[in-house]
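Please open the model in your viewer, with a cartoon for the backbone and sticks ready for the side chains. The tour below goes from one selection to the next and says what is found at each stop.

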Amino acid sequence: YKEEVQKRNEEKLQKMFQKDGTPEFIQRIFTNLGKSKATSINYWIAIRDMLQYMIDFNVISKKRIVDIEPDDMLEIEAPEIQKYLEFKEQSGMSPTTLQTRKNIFKSFWNKMVGTIKVPVSTNVIRDVSYTGISYNQNNILLKLPSQENIDEMINRIKWKKDDFVRERNLVIMSLLMGTGLREHELAGLDLSDLYLDDENPYITIIPKGKTRKQESRIVFLSEEETIESIKYWLDVRSEIENIVDTDALFLNRNGKRMVEDNIKSMFKNYSKKKISPHQIRHWYTTVFSQKYGTAFVQQQLGHRSVNTTINNYMDARLTILKNKRESLENV
């Protein structure tokens, strides 16, 4: 599944390059970014916007991005990037987003320094004094869904008369709340990824930034409610006659694999746009850290550093949530 997504995103990126007239030397840099194609798309959107600014404000003496040559990149120095970031903040872009853009530019300049195709010898972004806002507890609080909204969404799913859709959506909620999976990880689950009869039941997923089954990692199913909901869904799934994607765990009404957009649409519909799948990941981190500890949750989420788990996902102030895990049982 992830290989298919990568392929689609690669095609999308190439169409963007073609439409924007992206110079070949920049396309070569993106080839060596080593990021997922979805990330590369976001990188190009940021780089493109910055380059257009440099043209508009005569930093680069070209009329269009397609005309930019490697030597033109020497004209962009730290003060120009500083002015760009300040300009974007004054135009309404959030400091948090701009901090991300600054990091993107730093990575891009590193790649330029490392290639003989571009005469850039130093990473000018290191001298940019602009400081945005990194994710903090206030950001996390905004990303953490309220218990009321979670319960309302679950109840709306239960009201669905279509047995197939209702049971599928309930197990999706249970699995997300019981593991903290990303939506693309859930969409990519195959029947062969389930190990429900193991002494310690688990699933295997392909981690973020990876595309091959050989790179799979284990996510334990620590909650009995989640395991039972998956088993029940497998019984429902076995009655489906028009299955097209036979390996996929989750299917749509046409028998094809559910994809990320299907899962996001499900959340928009049943939560009335109040909850996203990724917010459930924040909920899982905060709630399950109270029960199993941060180290366990870090392993479950696939974070390399426990600091990522603590600083970006867990709101330690909301300890009251440890007493509200009954919503998972209610699924």
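Begin by selecting helix α3, residues 37-56, together with helix α4, residues 78-90, which in this predicted model pack at an angle of about 105° with their axes 11 Å apart. Angles of 65 to 115 degrees count as roughly perpendicular, and α3 and α4 are therefore described as roughly perpendicular to each other. To see where the two helices touch, show the side chains of Ala-46, Asp-49, Met-50, Tyr-53 and Met-54 on α3, which meet Glu-80, Ile-81, Lys-83, Tyr-84, Phe-87 and Lys-88 on α4. Coloured by type, the residues of this contact divide into 7 nonpolar and 4 charged, with no polar residue among them.

Stay with the same pair of helices and select the loop between α3 and α4, where Asn-58 is found. Most residues other than glycine have a negative phi, whereas Asn-58 has a positive one, near 60°. With a relative accessibility of 65%, Asn-58 counts as exposed.

A second residue of this kind can be picked out further along the chain, in the loop between α11 (260-270) and α12 (277-292), which is the place of Lys-273. Phi of Lys-273 is also positive, near 65°, in a residue other than glycine, and Lys-273 is exposed, with a relative accessible area of 72%.

Next, return to helix α2, residues 24-31, and display Phe-25, Ile-26, Ile-29 and Phe-30, which are buried. If you turn the view until you look down the axis of α2, these buried residues fall within an arc of 145°, so they line one face of the helix. The cover over them includes α1 (2-20), α3 and α5 (95-113), and it is worth showing these helices alongside α2. Which exposed residues does the face of α2 turned away from its buried side carry? Select Glu-24 and Thr-31, which are exposed and lie on that face.

The last stop is the sheet, which is open, has 3 strands in the order β1-β2-β3, and pairs in the antiparallel sense. Strands β1 (194-195) and β3 stand at its edges, each with a single partner strand, so one side of each is left without a neighbour in the sheet.

Start there with β1 and β2, which run antiparallel and are joined by 2 bridges; they form a hairpin with 6 residues between them. Within this pair, Leu-194 stands opposite Ile-203 in β2.

Then move across to β2 (residues 202-205) and β3, which pair in the antiparallel sense over 4 bridges. Select Tyr-202 to find its bridge partner in β3, Phe-220, and then Ile-205, whose partner in β3 is Arg-217.

Finally, compare the faces of these two strands, bearing in mind that in a regular strand the side chains alternate between the two faces of the sheet. Are the faces of β2 covered or uncovered? Both are covered, since Tyr-202 and Thr-204 on one side and Ile-203 and Ile-205 on the other are all buried, a label that here means under 20% relative accessible area. On β3 (residues 217-220), by contrast, Arg-217 and Val-219 make up a covered face, while Ile-218 and Phe-220 make up an uncovered one.

Methods
Residues are numbered from 1 along each chain as its sequence is written. This is a predicted model: local features need pLDDT of at least 70, side-chain atom pairs count only at pLDDT 80 or more; totals for chains, interfaces and linings use all residues. Side-chain values use heavy atoms; hydrogens and water are left out. Axes are lines fitted to C-alpha atoms, for helices over the stretch in contact, and angles run from 0 to 180 degrees between N-to-C directions. Angles under 35 degrees count as roughly parallel, over 145 as roughly antiparallel, 65 to 115 as roughly perpendicular and the rest as oblique. Contact means heavy atoms within 4.5 Å. Ala, Val, Leu, Ile, Met, Phe, Trp, Tyr, Cys and Pro count as nonpolar, Asp, Glu, Lys and Arg as charged, and the others, Gly among them, as polar. Buried means under 20% relative accessible area, exposed over 50%, partly exposed in between (1.4 Å probe, protein chains only). Two strands pair if DSSP finds at least two bridges between them. The arc is that of the directions from the helix axis to the C-beta atoms.
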